[in-house]
Amino acid sequence: GIICQVKSYIAAHLLEGCTREEIARSVYLNPAYLSRLFKRETGISLTDYVIQLRIALSKRMLANDGVTVSAVAERVNCYNFSYFSRMFKKYVGVTPTEYRHRRRMPASGMKGPRVV
């Protein structure tokens, strides 16, 4: 259906910074209507869905110590670093830097919970 097409489009264009308008155009719908339909069908807003995918990708990228946190933000098309950091903390509970630090900590002697 339409929602599967939308999810496929987003996955294919996630790193290009696809907008709601571009997503809607890909399935020949009005952006506002698509947003309502997506929320009704999935229980999550289109914007939150895209952000969650970007955060999941960011988490995988942060596991690579050779990539700076700033580069991760840029790679997921979030050129405003403070916005990226705020969104990451909102969805993950820690900042991207804290996330990377906690991922490196050995299981013993951790001061906080290890995040995955």
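How many disulfides does this structure hold? The model in your viewer is a predicted one, and the count of disulfides in it comes to 0.

**Stop 1: the cysteines**

To see this for yourself, select C4, which takes part in no disulfide, since the nearest cysteine sulfur belongs to C18 and is 16 Å away, whereas a disulfide needs the two sulfur atoms within 2.5 Å. While you have C4 on screen, look at its surroundings: this residue is exposed, with a relative accessible area of 54%. Move on to C18, which is likewise in no disulfide, its nearest cysteine sulfur being that of C78 at 13 Å. C18 counts as buried, because its relative accessibility is 9% and the limit for that word is under 20%.

**Stop 2: a pair of charged side chains**

Next, select R20 and E21 together and show their side chains, which meet in a salt bridge with a distance of 3.9 Å from N to O. As background, side chains of opposite charge can pair when their charged atoms come close. A search of the whole structure finds 1 salt bridge, so this is a good place to pause and look at how much of each partner can be reached from outside. E21 is partly exposed, with a relative accessible area of 39%, and R20 is also partly exposed, with a value of 35%.

**Stop 3: helices α1 and α3**

Now colour residues 2-13, which form helix α1, and residues 31-42, which form helix α3; their axes come within 10 Å and cross at roughly 105 degrees. That angle makes α1 roughly perpendicular to α3. To find where the two helices touch, show I2, I3, V6 and K7 on the α1 side, which meet L34, L37, F38, E41 and T42 on the α3 side.

**Stop 4: helices α4 and α7**

Turn then to helix α4, residues 46-62, and helix α7, residues 96-104, whose axes come within 10 Å of each other and cross at roughly 45 degrees. With this angle, α4 is oblique to α7. The residues in contact are K59, M61 and L62 from α4, together with P96, Y99 and R100 from α7. If you rotate the view so that one helix lies in front of the other, keep in mind that the crossing of α4 and α7 is right-handed.

Stay with helix α4 and select V50, which is found there. Is V50 buried or exposed? V50 counts as buried, because its relative accessibility is 8%. Leaving aside residues up to four places away in sequence, V50 touches I10, L14 and I23. One of these, L14, is 36 residues from V50 in sequence, yet the two C-alpha atoms are 7.6 Å apart in space.

**Stop 5: S85 in helix α6**

Select S85, which has its place in helix α6, residues 81-92. S85 counts as buried, at 16% relative accessibility, and, not counting residues up to four places away in sequence, it touches T95 and P96.

**Stop 6: two loop residues**

Finish with the backbone, where most residues other than glycine have a negative phi. Select Y28, in the loop between α2 (20-26) and α3, whose phi is positive, near 60 degrees. Y28 is exposed, with a relative accessible area of 76%. Then select N77, in the loop between α5 (69-75) and α6, where phi again has a positive value, near 65 degrees.

Note on methods
Residues are numbered from 1 along each chain as its sequence is written. This is a predicted model: local features need pLDDT of at least 70, side-chain atom pairs count only at pLDDT 80 or more; totals for chains, interfaces and linings use all residues. Side-chain values use heavy atoms; hydrogens and water are left out. Buried means under 20% relative accessible area, exposed over 50%, partly exposed in between (1.4 Å probe, protein chains only). A salt bridge is a side-chain nitrogen of Lys or Arg within 4 Å of a carboxyl oxygen of Asp or Glu. Axes are lines fitted to C-alpha atoms, for helices over the stretch in contact, and angles run from 0 to 180 degrees between N-to-C directions. Helices (H or I, at least four residues) and strands (E, at least two) are DSSP runs, numbered from the N terminus. Angles under 35 degrees count as roughly parallel, over 145 as roughly antiparallel, 65 to 115 as roughly perpendicular and the rest as oblique. A crossing is left-handed if the near helix is turned anticlockwise from the far one by less than a right angle, and right-handed if clockwise. Contact means heavy atoms within 4.5 Å.
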